[in-house]
Amino acid sequence: MQERLQKILAQSGYGSRRSCELIILAGRVRVNGEAATLGQKADASRDKITVDGRPLAAAEALVYVALHKPRNVLSTVERERGDVRQTVRDLIDLPEHLHPVGRLDFDSEGLVLMTNDGDLTNKLTHPRYGHEKEYRVLLARRPDQEQLKTWRRGVVLEDGYKTAPADVRFESTSGKGAWIRVIMGEGRKHQIREIGSLLGLPIVRIVRVRIGGLLLGILKPRQWRHLSAQEVSALKGAKK
């Protein structure tokens with residue numbers, strides 16, 4: 001049966017359909033020896049499909065893993081040339097083509113969902129679905145009520161983008177600083193750190209503790225576990 005190439009790639013563990021579109025646009029995919037084009041259809045059972053010259057793997061059994069990413073680990077699968085830093089994929093000893101769902105900054109830590117389910121990846125990362133992500137954030141100084149109110153309303157970033165309203169709660173003091181909890185439905189690169197800087201609240205540490213209904217729980221840095229069937233079902237069925 002013929003299907004769009006990006007769907008076939010996603011089912012074979014190459015990421016979300018959007019990321020598979022980028023692989024096609026980059027000229028990395030060939031069908032029966034010819035360079036593939038975006039929107040092209042193929043039959044995975046009959047056509048010879050290659051990515052970077054390697055035959056497309058058969059559709060894998062779907063795998064879902066919760067990982068506690070430590071600081072100073074990349075939330076990517078492939079490194080840029082010459083980059084020797086460790087990636088989240090290096091931490092999981094499984095054979096499937098796993099990729100992280102969304103990003104977590106290099107110097108942030110906490111929950112990362114790893115999977116080869118391209119459809120779920122698309123659902124959890126597409127802005128229209130607005131899945132919540134929850135963070136514990138350590139500030140270098142204690143915030144006042146006005147700073148917290150501004151964060152909750154939304155902050156205009158340096159590029160002119162105004163962040164969506166967020167649930168921001170004071171949690172506890174920590175020396176001269178404080179822990180706060182931030183719950184939001186968006187996740188631009190370095191967003192929490194940039195907001196903290198603009199509000200005069202330098203960020204010391206960021207720990208993601210929840211994605212949708214999936215919790216970090218008792219996982220320690222570098223530890224990972226398979227999701228339960230109930231957790232997978234909740235992620236697929238949840239609207240937020």
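## A tour starting at L215

Begin by selecting L215, which, once residues up to four places away in sequence are set aside, touches L111, V209, R210 and R225. The model on screen is a predicted one, and L215 belongs to strand 14, made up of residues 214-215. If you add D117 to the selection, you will have two residues that are 98 places apart along the chain, with their C-alpha atoms separated by 19 Å.

Now zoom out to the whole protein chain, whose secondary structure comes to six helices and 15 strands. Its C-alpha trace spans about 65 × 40 × 40 Å along the principal axes, and of its 240 residues 46% are buried. Colouring by sequence separation is useful here, since among contacts between residues at least 6 apart in sequence, 65% join residues at least 24 apart. With the surface switched on, you are looking at about 12,700 Å² of accessible area, 50% of which belongs to carbon and sulfur atoms. For the charges, select the 42 positive and 29 negative ones, and note that their mean positions are 3 Å apart.

Next, select helix 5, residues 191-198, where Q191, I192, R193, I195 and G196 are buried. Which elements cover these buried residues of helix 5? Showing the surroundings brings up strand 10 (133-139), helix 4 (145-153), strand 12 (177-184) and strand 13 (203-211), which are included in that cover. Just after helix 5, pick G200, where phi is positive at about 75°.

Turn then to the aromatic rings. A search of the whole structure for aromatic pairs finds zero, but two arginines are worth displaying together with a ring each. R136 lies over the face of W179, at 4.1 Å from the ring centre. For the other, select R188 and Y161: here the arginine lies over the face of the tyrosine, at 4.0 Å from the ring centre.

The last stop is A164, in the loop that runs between helix 4 and strand 11 (167-174). Is A164 buried or partly exposed? A164 counts as partly exposed because its relative accessibility is 35%, which falls between the limits of 20% for buried and 50% for exposed. Leaving out neighbours within four places in sequence, show G154 and E186, the residues with which A164 is in contact. Finally, draw a distance from the C-alpha atom of A164 to that of G187, a residue 23 places away along the chain, and the separation in the model is 10.0 Å.

Technical notes: Residues numbered from 1 in each chain as written. Predicted model: local features only at pLDDT ≥ 70, side-chain atom pairs only at ≥ 80, totals over all residues. Heavy atoms only, no water. Helix = DSSP H or I, 4+ residues; strand = E, 2+ residues; numbered from the N terminus. Buried < 20%, exposed > 50% of the residue type's maximum accessible area, 1.4 Å probe, protein only. Contact = heavy atoms within 4.5 Å. Areas by Shrake-Rupley, 256 points an atom, 1.4 Å probe, with all protein chains shown as cover. Lys, Arg positive; Asp, Glu negative; His and termini not counted. Charge placed at Lys NZ, Arg CZ, Asp CG, Glu CD. Phe/Tyr/Trp six-rings, centres within 6.5 Å; stacked < 30°, edge-to-face > 60°. Lys NZ or Arg CZ within 6 Å of the ring centre and 35° of its normal.
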